[in-house]
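I am opening my notebook on a structure that is new to me, and I will write down what I look up in the order in which I look it up.

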Amino acid sequence: MERRSFLQTLILVAASLGLSPGWLAGQAERYGQALAAGSRKLALLIGINRYPGEGSALQGCVTDLELQRELLLNRFGFDPAEILTLIDGAATPSGIQAAFAEHLGGSSQAAETVVVQFSGYGQWRAGSAPGQWQPVLLLSGSEGMAAMGLDSFFRLLEGLGTAQITTLLDCGFTHVSPSVRGNLQLRSRPPAVKGAGSAASDSSELQRVWPSPPKGLLIAATTPQDLAAEAAWPGFYAGVLTYLLTQYLWESTPATRLLVAFNQVASRRELGLFACQRPILEGKETARRIPPYFLTPPQVAVSGVIQEVKGNRAQVWLGGIPPAALGGLQPGTLLAPLSTASSVPLLIRSRSGLLAQVQPANGEGQFPPVGTLVREQLRSLSSSLKLLVGLEDNLGRVEKVDLTNAIAGYSWMETANPRERQVDCLLGRITPEMAAAFQADALPKPLEVNGYSLFWPGRELLLNSCGPAGEAAATAVQRLVPRLAHLLAAKRLRTTLNAAISPLAVVGELSTKGKPLRGSRLAQGAAAEPGILRFMRGDPLHLTLRNEGEQDLFGYLLMVDSSGQLHLLAPMPQEDFALPLRLEAKGSLTLPPLPEVAGESRSAVNPDLLTCHAQGLTELLFVASTRPLSASLEALKTMVRQQGITRSPMLLSKPLEWTQMLLEELTRRPPEGDPDLRWLDPSQAVTLSLTYLLV
């Protein structure tokens, strides 16, 4: 029976028997799962942290496999027996060839859908043809490190009996020293002569040859000439591409085309902070038509899944929570099971990385079965979340002590080792190499060598944060405190990111010259080119916010510029802050207003409101509530009077105090427990983020 006919019959049966819509939804979901089960799916996941004979700093490749495996099992209907993982010493050339032959191609019933992932080191090696380099995947071997040419790997894929193949390469091939950059570790090794481990001295004279992509779809962490990295996330390490992609696919709904999903991932702020990594997608025409992995997941946004049940505790995998929100997630968060087996929320007691230990919120009752999907019901946030400042390796021991002591004088921030924890920024000195490299980016003024400066976690410069050479450590911290306060204010706001799970359906879309470019989420159109959108400074750029829900919303549009500073864009000072930005139910508004609809009261708004600041990564945050935000609005009025501000954008003079007030209005105190914690209800408040690059 066709799917449509089946559902129509099901609706008639439900109506005649007086059954609830919930019964119908459950039956439809089970029918969809049965359809998915009818098509055979296979996956081969390869990850190497430890390379024989080599000291490896990689820590996230095995986590990549866990991220991918949980996604395939719980969002795309794979059976555990359909997923084969090759980890560390098992990932040899012969082991991979056997896996292709026996797991992916050896069954009497050929697979219709195949997913293959490799996470580890890549490298350029001198090829068999004179004067040429070829890309290779570094593997384990019986006597040390082995290699498989990327062209050979692609030939294994070509030999499979299906064209519905999705290949993910979370590695790089081009290497630039240093390999460790703050929170990031490069997944590439220096180029080497074939059969030798030493770097080739004449690599610049050789031609790099990239093989033709295999059949199906290829998602690579970066271009052949750029860098790829893994990163420290909140409590774990993982490849930047794998984590951002799998997290997006947990929460994306409704089901979208692969190209749309890839564009969304490639434009994430976390990738923008490491400008040297540029993911690529081969097979765009196919990707415009098909969903990720050629499979359609359930039509519901998900925060995670029950992974294990033991006695009165259970373990939940939190693969669907945005990285910035996960970093602020606290014990006390409530998760709602998405099943009819139990309606009792689950209370998070503790969290380590992506794993949370939970118990029934009422302290009793049975857990839903393993495999039950869950979604955030109330997010527990700390009102005293700190800024973590990493100290760069180019600092001396005494300098680090002095900087640590100076930072310790502020209760809202602390130092952390970027190789052990996810940090929010780096503090270090400008080296001669940095000065030369950053100056190539056309900075407004030369950088002073040996001056203290702030960097993003991937060692990208925070604009206008460099001090003079010879500056004392304590003086540098004092100079940078206002900037650090802005970074923390933005970090605390990002902990409220929840647009995918909030029933307050808000969509943001950037447009230029009246032409939409790309939605912030759920948009079905795809940009012509993947990656972060780029605009010229001063170009007219507009943001349209659409409220697809049933309630009016009150909120603020904020901007984090390339220097890390937080600005208010709307409501605008010239409108006297009569109300927060109001987004009516089923309504929309455009900022700045389009010229043909701008009234006299808005005529003073510059058309370059979104592009008038310095070059670099820009983030827009729309924060909204169902309740008028009166306290934060009054604070803005006071700020305007004190500073004499008359136009937007408005730099927040007291970012920590104001965002703290706003967060208190967006949240409420739990009835019991730690007084420092606040509950964010996605049915009462929503926050979404859009990023773009000014050039």
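Which residue in S12 does Leu184 stand opposite? I looked this up, keeping in mind that the model is predicted, and found that Leu184 stands opposite Ala231.

**Entry on the sheet.** I then turned to the strands around this pair, and noted that strand S9 (residues 184-186) and strand S12 (residues 229-233) run antiparallel and are joined by 3 bridges. Both belong to an open sheet of 4 strands, whose order is S8-S9-S12-S13 and whose pairing is antiparallel. Its edges are strand S8 (180-181) and strand S13 (236-239), each of which pairs on one side only.

**Entry on the helices across the sheet.** I looked next for helices lying across these strands, and recorded helix H3 (residues 61-75), which lies across S12 and S13 and runs at about 80° to S13. Helix H6 (residues 240-251) lies across S9, S12 and S13, and its angle to S13 is about 95°.

**Entry on the cores.** H6 came up again when I looked up the largest nonpolar core, which has 66 residues, those with the most contacts inside it being Phe78, Tyr293, Leu318 and Val358. To this core H6 gives the most, with 8 residues. I followed Phe78 further and found that, leaving aside residues up to four places away in sequence, Phe78 touches Lys41, Leu42, Ala43, Leu72, Leu73, Ile83, Val115 and Leu295. Apart from this core lies another, of 57 residues, and I noted Leu462, Val477, Leu566 and Ile645 among them.

**Entry on H5 and Thr167.** In helix H5 (residues 150-158) I found Leu150, Phe153, Phe154 and Leu157 to be buried. Seen down the axis of H5, the buried residues fall within an arc of 100°, and therefore they line one face of the helix. Two residues of H5 returned when I looked up Thr167, which is found in strand S7 (residues 165-170): not counting residues up to four places away in sequence, Thr167 touches Phe153 and Leu157, as well as Val116, Leu217, Leu218 and Ile219. Thr167 is buried, its relative accessible area being 0%.

**Entry on the cysteines.** How many disulfides does the structure hold? I found 0 disulfides. Cys61 is in no disulfide, and the nearest cysteine sulfur to its own, that of Cys171, is 8.9 Å away, whereas a disulfide would need the two sulfur atoms within 2.5 Å. Cys61 counts as buried, at 0% relative accessibility, and Cys171 also counts as buried, at 2%.

Definitions and conventions
Residues numbered from 1 in each chain as written. Predicted model: local features only at pLDDT ≥ 70, side-chain atom pairs only at ≥ 80, totals over all residues. Heavy atoms only, no water. Buried < 20%, exposed > 50% of the residue type's maximum accessible area, 1.4 Å probe, protein only. Arc of directions from axis to C-beta. Pairing = 2+ DSSP bridges. Contact = heavy atoms within 4.5 Å. Axes fitted to C-alpha atoms, helices over the stretch in contact; angles between N-to-C directions. Core = buried A, V, L, I, M, F, W, Y, C linked by side-chain atoms within 4.5 Å.
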